[in-house]
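Biologist: I have a model open and would like to learn how to read it. Could you walk me through a few features?

Modeller: Gladly, let's look together.

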Amino acid sequence: MNFFAKFLAPKNKIFYELFEKSADNVKQMGDLLFQVVSEPEFDKRQSLITKMEDVEHANDELTHTLFTELGRNFITPFDREDIHYLASALDDVADFVYASAKKINFYRVNPNNDIGLHKLAEIVVQSTSEVRKAVGELRNMKNMRVITDSLVKINSLENEADDIFDMCIERLFATEPDAKEVIKKREIYQVLETATDKCEDAANVIESIIVKYA
Amino acid sequence: MNFFAKFLAPKNKIFYELFEKSADNVKQMGDLLFQVVSEPEFDKRQSLITKMEDVEHANDELTHTLFTELGRNFITPFDREDIHYLASALDDVADFVYASAKKINFYRVNPNNDIGLHKLAEIVVQSTSEVRKAVGELRNMKNMRVITDSLVKINSLENEADDIFDMCIERLFATEPDAKEVIKKREIYQVLETATDKCEDAANVIESIIVKYA
Amino acid sequence: MNFFAKFLAPKNKIFYELFEKSADNVKQMGDLLFQVVSEPEFDKRQSLITKMEDVEHANDELTHTLFTELGRNFITPFDREDIHYLASALDDVADFVYASAKKINFYRVNPNNDIGLHKLAEIVVQSTSEVRKAVGELRNMKNMRVITDSLVKINSLENEADDIFDMCIERLFATEPDAKEVIKKREIYQVLETATDKCEDAANVIESIIVKYA
């Protein structure tokens, strides 16, 4: 490693570390969401949601640090705009996953018998886990196949989420007579579907990063 | 043409071709939408919507190719960020026009006697056609007047869509007693209105491209 | 001041002037919104809303000029992307504040006894005023403390708006039996809450500008 590279390296590594921590948070949010939709008791769901709120706040701080580092560092491991987009996408995933869980108790919706809600939560678990995997490989870029496999999976999970969302909405309008309940549940489904869109946004930025690297 | 220009030219042309194809798709989507709202039979509407789905998928591929080329090419005919914004805006137009048609049959809404819906669809037809015209002139930049005329039209069509949207919503709340039907129709109007917003976004990027060129 | 700086300076100042005018508009929109929610008569509210429409149109022109100048000027006082984001954020604040006022009369909602609506409008007044303060300090960057104080306030106002929004929605679902009224009022609360989000977006860009300057 030459002098110049040595000088630059420490400033570069901070971005990998911050992205990995953010992707860890995102994955943890997915896992906690699944616990929320599987938990029969309101109060136990509430303490899981409070845990999610903490992770979400921690991730806000992290994203803020990422943007500050982006402003401070002239040399970055990827294009500045890709760093900006990836950090925003990961932050959005965390926000939407948290929002979906929060709305379940806020609207006092019972998630236990809602098959569509469970399926959407399962997709969020898988999507966030693939996002974590792909982000973890950015540091060395050795296992390109691992990254591209994850990106393909995230894209197909997003398509699956679209279909399940449509099924949920169709069922909701057909079976729920109370329009106010329709409004509440539709909002929860939408937020979950948007969470998988944001995972896809993250995947698209990662693809744009590896295309430039290749 | 000097050696250097000859060397760069082929890489540049790909962007014009991709943008023209994407704008063709967008225009086709507008025309198909109009057929959907004018078609009295559910099943015939459905086969038009399936056709739109194919165009929408084709456009997704195209947009993906555009982003990949953007990552691969160091030299681009316009600013990189303008290419990114224009490709995203065209993709969004296609997505929203398709979504509006899909929701009509999904929610089993009869579009035939809905004057507001027809007017919004007509505006989408005109807007997407002007977008196609303006994009087609980017390649040679000779008919600046054609481009600016289209941009002015797209902007005034968007304002018209806002007014028609307000009229639709006012009428909907005044005449539809079933709140669940209000939710469905309001969503269709909103998606159509957003389609015209996205045409305006495309127009704004094109303006920013020609301002830099002038 | 050397010859080169003299030559560049006039082109630079235009951005400060445009941003200050836009922030003035934003602040004025906040003040007018507060008058709207405090005004008991429909017709008097309507003339305030017409005034807001004029300010909103003026701000559209201004934002357009800002983007045109950005295309024309090679040298800019801040990063081009920061100028783009800040102009967009200020424009969004103006749009959402105007939209919230317009919807009040459009949906014939009586704003006078709605405590949540008043509290949200008060937050918008404070947020837009802090945005104006922070933007005004960008020109000389001497009172960094004034800027950072404003940014902290805007962030905490946005959190407060989130809590008040939740309270409004909870109350709305609990007390409003008519689902169509729920749809209307929920939309007004959402637009107001989004206005405070957009103030936070403006604050985030300003932070990114001063981080690079420091």
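Biologist: Do the copies, chain A and chain C, meet through the same or different surfaces, and why?

Modeller: Keep in mind that this is a predicted model. Here the copies meet through different surfaces, because only 12% of the interface residues of chain A are also interface residues in chain C.

Biologist: How do I describe the way chain A and chain C are related?

Modeller: In general, two copies of a chain are related by a rotation about an axis and a shift along it. In this case, a turn of 120 degrees with a shift of 0.0 Å along the axis lays chain A on chain C, at an RMSD of 0.0 Å. That is the relation of a three-fold axis. Within chain A, A:Ala179 has the C-alpha nearest the axis, 3.5 Å from it.

Biologist: And what does chain B use to touch chain A?

Modeller: Eight residues of chain B contact eight residues of chain A. On the chain B side, helix H2 (42-72) and helix H6 (179-213) each supply at least two residues, and H2(B) gives the most, with four. By class, that side has four nonpolar, two polar and two charged residues.

Biologist: Inside chain B, how do helices H4 and H5 pack?

Modeller: Look at the angle and the distance between axes. H4(B), residues 115-136, and H5(B), residues 144-175, pack at about 165 degrees, with their axes 9 Å apart. Angles over 145 degrees count as roughly antiparallel, so H4(B) is roughly antiparallel to H5(B). Their contact has 14 nonpolar, four polar and six charged residues, and the crossing is left-handed.

Methods
Residues are numbered from 1 along each chain as its sequence is written. Chains are lettered from A and ligands numbered from 1 in the order in which they are written. This is a predicted model: local features need pLDDT of at least 70, side-chain atom pairs count only at pLDDT 80 or more; totals for chains, interfaces and linings use all residues. Axes are lines fitted to C-alpha atoms, for helices over the stretch in contact, and angles run from 0 to 180 degrees between N-to-C directions. Angles under 35 degrees count as roughly parallel, over 145 as roughly antiparallel, 65 to 115 as roughly perpendicular and the rest as oblique. A crossing is left-handed if the near helix is turned anticlockwise from the far one by less than a right angle, and right-handed if clockwise. Ala, Val, Leu, Ile, Met, Phe, Trp, Tyr, Cys and Pro count as nonpolar, Asp, Glu, Lys and Arg as charged, and the others, Gly among them, as polar. Copies are superposed by least squares on the C-alpha atoms of residues with pLDDT of at least 70 in both. Two residues are in contact if their C-beta atoms, placed from the backbone, lie within 7 Å.
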